[in-house]
Amino acid sequence: MNQRIPQHFQSLDDLQLKKEEIRAQIRENNVQIQTMWQELFPKQTQTTPTSKWSNAMTKGFGVVDGAILGWKIYRKFWGKKPQKKKKKGFLSSIFG
C-alpha cells in the first residue's frame, strides 16, 4: 500500500482541496474497476436455438450428475449396508 506521508495544512481550505482531490481519485478508480469487472465477466448472448439447446443440455447433465453423486454419498454413509453372501461349500456350488 501507499505509505502515509505527514502533511501539514495551513487552513481548512487546503484540507478541503485535498479531500476533493482524493474523492476524484476514488471516483476514477471506481470507474476503472467497473470497466475491468465487466471485461472480466462479459454477458453471454444466446442468439441461436442450437446454443440455447446446448446450454440447457449441459445444465441438465450437471443436475443429473450432482444427483447421482449425492445418491452415492448417501448410500455410502447412511444407506443400507449390503448383506454379505454366504460362502458356499464346494459340493453346494456344484449341485446347487
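I will go through the fold, the surface and one charged pair of this predicted model.

Let me start with the overall layout, where the chain has three helices and zero strands, so that, read along the sequence, it follows the pattern α-α-α. Of the 96 residues in the chain, buried residues make up 1%, and the accessible surface of the chain comes to about 10,500 Å², with 60% of that area belonging to carbon and sulfur atoms.

Staying with the surface, I would point you to a nonpolar patch of about 730 Å², which is made by Leu-69, Trp-71, Ile-73, Tyr-74, Phe-77 and Trp-78. One of these residues, Tyr-74, lies in helix 2, which covers residues 49–77, and Tyr-74 counts as partly exposed because its relative accessibility is 39%, a value between the 20% and 50% limits used for that class.

Now to the charges. Side chains of opposite charge can pair when their charged atoms come close. A search of the whole structure finds one salt bridge, and in it the side chains of Glu-20 and Arg-23 meet at 3.6 Å, taken from N to O. Both Glu-20 and Arg-23 lie in helix 1, residues 12–40, where they are three residues apart, or about one turn of the helix.

And are these two partners buried or exposed? Neither word quite fits, because Glu-20, at 35% relative accessibility, counts as partly exposed, and Arg-23, at 36%, counts as partly exposed as well.

Conventions. Residues numbered from 1 in each chain as written. Predicted model: local features only at pLDDT ≥ 70, side-chain atom pairs only at ≥ 80, totals over all residues. Heavy atoms only, no water. Salt bridge = Lys/Arg side-chain N within 4 Å of Asp/Glu carboxyl O. Helix = DSSP H or I, 4+ residues; strand = E, 2+ residues; numbered from the N terminus. Buried < 20%, exposed > 50% of the residue type's maximum accessible area, 1.4 Å probe, protein only. Patch = residues over 30% accessible without salt bridge, like charges linked within 9 Å, V, L, I, M, F, W, Y side chains within 5 Å. Areas by Shrake-Rupley, 256 points an atom, 1.4 Å probe, with all protein chains shown as cover.
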